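Trainee: I am new to this one, so could we walk through it together with a few questions?
Mentor: Gladly, let us have a look.

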Amino acid sequence: MKTETATTFSAIAASEERYQLATYKKMPVAAVRGLGAWIYDVEGNRYLDLYGGHAVAATGHCHPRVVAAIQRQAEQLLFYSNLVYSETRARAAERLASLAPSSLNKVFFCNSGTEANENAMRIARLTTGRERVITFSGGFHGRTADSISATFLGKYRELGRPNVPGHLKAEFGDIESVERIADETVAAIMLEPIQSMAGVRTSEPKFFQELRNLADARGIALIFDEVQTGMGRTGEWFFSGSEASGGVLPDIVTLAKALGSGVPVGACIVNDQFASKIKENDLGTTFGGGMLAMAAVTATLEAIEEDRMLENVLAMESYLRKKLADIPQDVRVRGRGLLLGIEFREKASAIHQALLERHVIVGTSSDPHVLRLLPPLCLRAEEVDLFVEKLEQSLGTLS
Ligand SMILES: Cc1ncc(COP(=O)(O)O)c(C=O)c1O
């Protein structure tokens with residue numbers, strides 16, 4: 001077999017394009033290393049990463065605590081499945097459950113966000129003996145069969161055809177649209193409490209409280225998909241139970257993305273009532289709960305705690321909002337913590353491109369006028385300054 005060392009951007013890009021399915025529109029960046037909120041490319045350029053590698057790099061790229069934990073674990077035991085006990089897994093589960101709101105006590109580890117959502121829906125179906133699931137227009141839950149069928153956003157659901165039956169759509173923020181369909185066949189109501197991909201759409205706390213009351217009255221499981229909002233991104237460990245949620249605790253929370261700082265890992269955290277009905281073999285996974293991922297989870301949680309990142313998230317959110325309020329252009333900011341959507345009059349794709357040319361990476365969304373920021377939670381004030389400076393320059397070239 002022929003192997004070649006590709007050293008230039010064009011050689012790397014040509015090789016990926018030749019051997020990888022072309023499923024992504026990529027930026028012209030060949031990433032080599034990262035540190036904090038920065039990534040460095042093969043040509044030695046550096047980019048301010050306010051997208052966090054798809055909301056994954058919450059602790060920043062290559063946080064030393066996480067890197068050291070992975071290195072240590074790799075030398076000891078890369079993997080063994082859930083058929084054995086492991087101190088590394090026990091520590092990760094204990095730490096995660098102890099940070100979760102009080103009623104959420106039992107963890108099921110898997111490998112990704114879509115898998116966490118599939119397992120959460122399965123838990124709801126197994127425990128209620130019902131099959132249907134209500135999700136919301138604008139919500140995104142993943143790309144495997146059940147999760148994509150639960151995704152009423154743009155073209156995604158179509159891509160998953162034939163869809164899993166029994167998925168019902170309600171309108172985000174509209175309790176009556178839920179009441180109309182939440183009958184005795186419904187196992188779960190699942191939602192992204194902040195709809196990120198839809199353009200960072202939020203709802204009033206009252207809506208979450210109404211959902212909780214409705215779910216309780218009709219024996220339905222309430223699932224919060226916190227794949228993006230979890231792990232401190234909103235300035236609290238979880239959206240669940242926060243003031244913004246109206247203090248609402250779901251029955252199941254799903255997590256992924258930031259949970260392992262880049263080592264693939266997902267999780268469902270389940271309350272005692274639902275957990276007590278789950279039996280041996282009801283759920284399963286080969287890789288979920290593997291030692292390397294578990295070492296990354298514990299180190300991620302410790303890094304967020306020890307570096308006081310939750311406080312930093314809130315400080316950087318208000319600093320950024322203040323700075324954006326001072327720029328001459330008309331922009332509106334929505335979201336919480338460091339899950340922010342910035343709405344512009346101009347096309348977000350053009351601003352994204354102009355920022356990229358100035359070595360700043362941001363995210364777009366399904367709303368053509370909204371850019372998304374999902375930066376590392378360790379973002380610093382001077383990085384916010386740099387972003388705002390580059391944004392003003394970018395907007396200047398577009399007006
Ligand atoms: C809210 C939400 N849920 C689920 C997923 C799916 O996660 P994964 O890509 O890890 O399967 C995503 C991914 O973007 C997401 O944003």
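Trainee: Where is P162 found?
Mentor: This is a predicted model, so keep that in mind as we go. The peptide bond leading from R161 into P162 is cis, with omega near 0°. As for its place, P162 sits in the loop between α7 (156-159) and β6 (167-170).

Trainee: Are the axes of α12 and α14 roughly parallel or roughly antiparallel?
Mentor: Helix α12 covers residues 309-325 and helix α14 covers residues 381-398. Their axes come within 10 Å and cross at roughly 25°. Angles under 35 degrees count as roughly parallel. Therefore α12 is, relative to α14, roughly parallel.

Trainee: Which class of residue, nonpolar or charged, has nine members in the contact of α12 with α14?
Mentor: Here α12 passes α14 in a right-handed crossing. From α12 the contact uses M316, Y319, L320, K323 and L324, and from α14 it uses A381, V384, D385, F387, V388 and L391. Sorted by class, two are charged, none is polar, and the nine are nonpolar.

Trainee: What does F387 touch, leaving out residues up to four places away in sequence?
Mentor: We have just met F387 as one of the α14 residues in the contact with α12. In the largest nonpolar core, which has 56 residues, F387 is among those touching the most other members, along with L96, F238 and L391. Its partners are L48, L50, L320, I342, L355, V360, V362 and L373.

Trainee: Which helix gives the most to the largest nonpolar core?
Mentor: That core of 56 residues is separate from a second one of 33 residues, which includes Y47, F208, L356 and L374. For the largest core, seven residues come from the top contributor, and that helix is α11.

Trainee: Which residues of α13 are buried, and what covers them?
Mentor: Helix α13 runs over residues 348-357, and its buried residues are A348, I351, H352, A354, L355 and L356. What covers them includes β3 (46-49), β13 (360-361), β14 (370-373) and α14.

Trainee: Is H359 buried, partly exposed or exposed?
Mentor: H359 comes just after α13, in the loop between α13 and β13. Its phi is near 65°, a positive value in a residue other than glycine. With a relative accessible area of 26%, H359 is partly exposed.

Trainee: And R308, is that one buried or exposed?
Mentor: R308 is in the loop between α11 (291-306) and α12. R308 is not a glycine, yet its phi is positive, about 50°. Its relative accessibility is 54%, and exposed begins over 50%, so R308 counts as exposed.

Trainee: Which residues is H63 in contact with, leaving aside its neighbours within four places in sequence?
Mentor: H63 lies in the loop between α2 (52-55) and α3 (64-76). With a relative accessible area of 12%, H63 is buried. Its contacts are A303, D307 and M309.

Trainee: How many Å separate the C-alpha atoms of P328 and G142?
Mentor: P328 is in the loop between α12 and β11 (332-336), and at 69% relative accessibility it counts as exposed. P328 and G142 are 186 residues apart along the chain, and their C-alpha atoms are separated by 38 Å.

How values were computed: Residues are numbered from 1 along each chain as its sequence is written. This is a predicted model: local features need pLDDT of at least 70, side-chain atom pairs count only at pLDDT 80 or more; totals for chains, interfaces and linings use all residues. Side-chain values use heavy atoms; hydrogens and water are left out. Axes are lines fitted to C-alpha atoms, for helices over the stretch in contact, and angles run from 0 to 180 degrees between N-to-C directions. Helices (H or I, at least four residues) and strands (E, at least two) are DSSP runs, numbered from the N terminus. Angles under 35 degrees count as roughly parallel, over 145 as roughly antiparallel, 65 to 115 as roughly perpendicular and the rest as oblique. A crossing is left-handed if the near helix is turned anticlockwise from the far one by less than a right angle, and right-handed if clockwise. Contact means heavy atoms within 4.5 Å. Ala, Val, Leu, Ile, Met, Phe, Trp, Tyr, Cys and Pro count as nonpolar, Asp, Glu, Lys and Arg as charged, and the others, Gly among them, as polar. Buried means under 20% relative accessible area, exposed over 50%, partly exposed in between (1.4 Å probe, protein chains only). A nonpolar core is a set of buried Ala, Val, Leu, Ile, Met, Phe, Trp, Tyr and Cys residues joined through side-chain atoms within 4.5 Å.
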